[in-house]
Number of protein chains: 2
Amino acid sequence: MPYRETEHTLAKKADTRLRLLKAARRLVQQGGFTAASASAVAKESGVASGTIYRHFPNKSELVAEVFRYATEREVAAVAQACDAQTVDSQGLDSGKTAADKLTAAVETFAQRALLGRTLAYALIAEPVDPRVEQERLRYRFAYAEIFEDVIALGIQRGEFVAQNCQITAAALVGMLAESLVGPLKKEHAHEHDDLVRSLTALVLRAVGFNSSFKNRNKNKNK
Amino acid sequence: MPYRETEHTLAKKADTRLRLLKAARRLVQQGGFTAASASAVAKESGVASGTIYRHFPNKSELVAEVFRYATEREVAAVAQACDAQTVDSQGLDSGKTAADKLTAAVETFAQRALLGRTLAYALIAEPVDPRVEQERLRYRFAYAEIFEDVIALGIQRGEFVAQNCQITAAALVGMLAESLVGPLKKEHAHEHDDLVRSLTALVLRAVGFNSSFKNRNKNKNK
DNA sequence: GTCTATACGTCGATAGAC
DNA sequence: GTCTATCGACGTATAGAC
């Protein structure tokens, strides 16, 4: 009787793969990418080291996948922070301004990073394999796309000064990432709130937020 | 007669080392770090490939050294742009404002990058060996230190709003680096001037430049 | 400079799914 | 009976300690 792949075997295989990813992510969370050695991942996920290479062609690919797995959560959180409550449960526009959205995005990004410093540092700045660095570039662009929309909205609403959205969006990504690198390395970053406030202020200045803007169109869709 | 290192042999050795570095830098300039393979470097500098390893312990170290060699120029150019002409040949303060300095720094960084796009991309964003990535982190901090002084000056002079200089300085480094990544990859970036203008405006907004600032202390040291 | 530790990746054997 | 997943020791490269 010839061997065939069935639903069951495939599901099991996918399951093992996921276990490996989750185990690796835990290790990165605790000690950065350097802590996610092949043998450590194997141990953490309860398989033999050789098994890893039945699911990933090499270490770089495993790590790149872990990077995506972890970063996608962050991107999603920021994206959600921008859109959240723009439209409430009754389908009414809550009148969230572009400045509100941008502030929420910055706070979300920064606070998540500061609460999981090791993971954040690993995702943002830890020197890693070029293969993983490639993924970093992609995801920075993903963040930029989110910001771009918000900036365009802000300009359209007259909250922000006219500007090239793409440039500013990329710049915001750089600002956030780079300004967090230092604090993420230090041990006692208990001035979280100060830092977040500084960052939001900085970002709002950068986009040319007109602080006299009074949300003139508030509730215009009601 | 036992072999001894003489002045002459040492000088020759240093000379070869420098030739290797310069050759590698040329290659990076033309094709990024991927183009600077060991064999290519050997060919370009007219030595046998094995000779490289008499001057550098391994490829990573060679590349890291090239990175430093190239980046130090850039940092120096930016530092000089900040300080230039603050004091003229007669020892008189030319009254350069912090905004002037910051603008000069941004223009210098961006224009140099746009004129040597391949090299700039390699130094700023190309996925590279972790050993080299480590150097990137260092140099980003070097840039930040330059900016920090200028920002502190601007605050002190009342040109910029009060803020945490370290955070802003790091953020500026990130802004510049990240906003150039996209443009540096594209072929026809003939909107150089537009980009540079956008960047300077963005940076001045970020530091909270008070555009009504009239350089009240101009020439106060005359 | 040698020695030890640890890293990645491979391999033949084994167990088990089909 | 045929194929695959898993194991875990092993080969090889490299880094750090002494």
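How far does a polar side-chain atom of A:His55 lie from a phosphate oxygen of DNA strand D? In this predicted model, local features need pLDDT of at least 70 and side-chain atom pairs pLDDT 80 or more, while totals for chains, interfaces and linings use all residues. Residues are numbered from 1 along each chain as its sequence is written, chains are lettered from A and ligands numbered from 1 in the order written, and side-chain values use heavy atoms, without hydrogens and water.

**View 1. Phosphate contacts of chain A with DNA strand D.** The distance for A:His55 is 3.0 Å, and polar side-chain atoms of A:Lys13 and A:Thr16 lie 3.2 Å and 3.3 Å, respectively, from a phosphate oxygen of this strand.

**View 2. The protein surface near DNA strand D.** The residues around the strand (a heavy atom within 4 Å of it) include A:Met1, A:Tyr3, A:Gly46 and A:Arg54. Five residues, the largest share of this surface, come from α3(A). Of the strand's atoms within 4 Å of the protein, 61% belong to sugar or phosphate and the rest to bases.

**View 3. Packing of helices α5 and α7 in chain B.** Helix α5 (residues 98-115) and helix α7 (residues 130-156) of chain B pack at about 155°, with axes (lines fitted to C-alpha atoms over the stretch in contact, with angles from 0 to 180 degrees between N-to-C directions) 8 Å apart. The two are therefore roughly antiparallel, a term for angles over 145 degrees. Where they are in contact (heavy atoms within 4.5 Å), residues of α5(B) including B:Leu102 and B:Phe109 meet residues of α7(B), among them B:Phe147 and B:Leu153.

Technical notes:
A polar contact is a pair of N or O atoms within 3.5 Å; within protein, one must be able to donate a hydrogen and the other to accept it, and residues adjacent in sequence count only if both atoms are side-chain atoms. Helices (H or I, at least four residues) and strands (E, at least two) are DSSP runs, numbered from the N terminus. Angles under 35 degrees count as roughly parallel, over 145 as roughly antiparallel, 65 to 115 as roughly perpendicular and the rest as oblique.
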